[in-house]
Amino acid sequence: MRIFGLSIVVTVLALIAALVYGGPTALVLCAILGVLEVSLSFDNAVINASILQRMSEFWQRIFLTVGVVIAVFGMRLVFPLAIVWITAGLSPIRAFDLAMNPPADGALTFPDGSPSYEKLLTDAHPQIAAFGGAFLLLLFFNFILEEHEVTWLGWLERPLQRLGKLDMLAVVLTLGGIVLAAEFIAADDDRGTVLLAGILGVMTYIVVDGLGSLFHAEEHAEEAAAGPSGIVKATGKAAFFLFLYLEVLDASFSFDGVIGAFAITSDPILIALGLGLIGAMFVRSITVYLVRKGTLSEYVYLEHGAFWAIGALAVILLVTIGVHVNEVVSGLVGVAFIGAAFVTSVIRNRREAEETGDDDDVNLERSSSVG
C-alpha cells in the first residue's frame, strides 16, 4: 500500500472526475483507458526501473514527481494537441476547440468537410510511429548487441553479441529498418516525412544517451581527482541526462497508447484522466516496486524480456505506418515477453537453489564422515 496507495487514490479521484465530467459512459471509458495504458506499458516500467536504480534518491524522486506531471499533462494532453498544431497549422486554441467539440456521431469530418481533431492526429500517425519506432529500435539494438554476463535467449543473443563488436551496427540496423518502412510500408506521400521522422528519432536517442554516457564517464574521472564533492556534482549532471533520457523513452512508449486511445475516445480530458492519471501513476508505482524490491536482480531475465518486448513494439510501430495493428496485439506481445522472462527466471532460481542445496548436502555428508 505504501507504494501503490497514491496510485489507488488517484485512480479513484480520476474515475470520480470522469463520472462528473461525462456520466457513467465517461467513467467506463476512463477505466478502459487506464487498463489499456498499464497493459501496454509494463515493459516500460521494467526498463524505467533498470535505469532508475542507477540514479540517486533525489533524482528518483524528481522522476517520480516532475516526471509524472510531464507524463500526464505533457504526453497525454499537450502532445496530441501539439501534433495537431504543427501538422495542421492551427493555433493551440483552435486545436483545443476541435478536441473538445468533435463532429456528431463520431464522424471524422465536419459537415463542411473540414477534418476533426481525431482525423488530424490519425493523419500524423506515420511520422509519430516512425520517430517512436526508430528510437525504440535503436534502444533495443544497443542492448541486444552489447555483451552481457547473463543471456536469456542464449542461442540468439550470443551470436548477436558477437556481431555487436562491429562499431555503430545498432545505428546501421535501425536506419535500415527506417528505410525499409519508408520504402515498403509507408504510402508514397508519406515516404519523405517517415524518413525524416525516423532520422530525428535516431538523432534524439544518440544525443540524449550520449550526454548521459558522457557525464557518467566524467563522474568516474572526477571521483578519482576531486573527491566526494566532485562525485555529487557529476552525479547530478549524469542523473539529469538520465532523467531526460527516461522522459524521451517514456514518450516513445506512450505513442502507441495515445494513438490507440482514439479507438476508444477522442476526448482529450478522458485521455488525460485514463492514460495519464490512472495509467501513468500505476506504471510509476510498478517502477518503484521493481526498484525497491530489487526484482530485476532477483529475476535476472526480466530486463532481457523487456528489451525483446521493446524490439517487438518498435517493429509494430513501424508496421503501423501503413498497416493498422490492433493495440491489444502490441499489449499482449509485451506481456508475453515479460511473462516468459519471469517464468524462466523463476525456473532458473529454483534450479540454482536445488544445486546449492545438493552441494550443501554433499558438504554435510563429508563433514559427518570425517567426524
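**Aromatic pairs in the model**

Colleague: Phe143, buried or exposed?
Modeller: Phe143 is buried, at a relative accessible area of 8% (buried is under 20%, exposed over 50%, partly exposed in between; 1.4 Å probe, protein chains only). This is a predicted model, where local features need pLDDT of at least 70 and side-chain atom pairs 80 or more, while totals for chains, interfaces and linings use all residues. Residues are numbered from 1 along each chain as its sequence is written, and side-chain values use heavy atoms, without hydrogens and water.

Colleague: How many aromatic pairs are there?
Modeller: The structure has 10 (Phe, Tyr or six-membered Trp rings, centres within 6.5 Å; stacked under 30 degrees, edge-to-face over 60, tilted for the rest).

Colleague: Which ring does Phe143 pair with?
Modeller: Phe307, in a stacked pair with 3.9 Å between centres and 5 degrees between planes.

Colleague: Where do those two sit?
Modeller: Phe143 is in helix α6 (residues 125–144) and Phe307 in helix α13 (residues 302–319), 164 residues apart. Helices are DSSP runs of H or I, at least four residues, numbered from the N terminus.

Colleague: And Phe307, buried or exposed?
Modeller: Phe307 is buried, at 6% relative accessibility.

Colleague: Switching pairs: why is Tyr299 with Phe342 called tilted?
Modeller: Because their planes are at 45 degrees, with the centres 4.9 Å apart. Tyr299 lies in the loop between α12 (295–298) and α13, and Phe342 in helix α14 (residues 327–370), so the pair ties together parts 43 residues apart in sequence.

Colleague: How accessible is each?
Modeller: Tyr299 is buried at 18%, whereas Phe342 is partly exposed at 36%.

Colleague: Which residues form a cluster?
Modeller: Phe58, Trp59, Phe240 and Phe243, linked by ring pairs.
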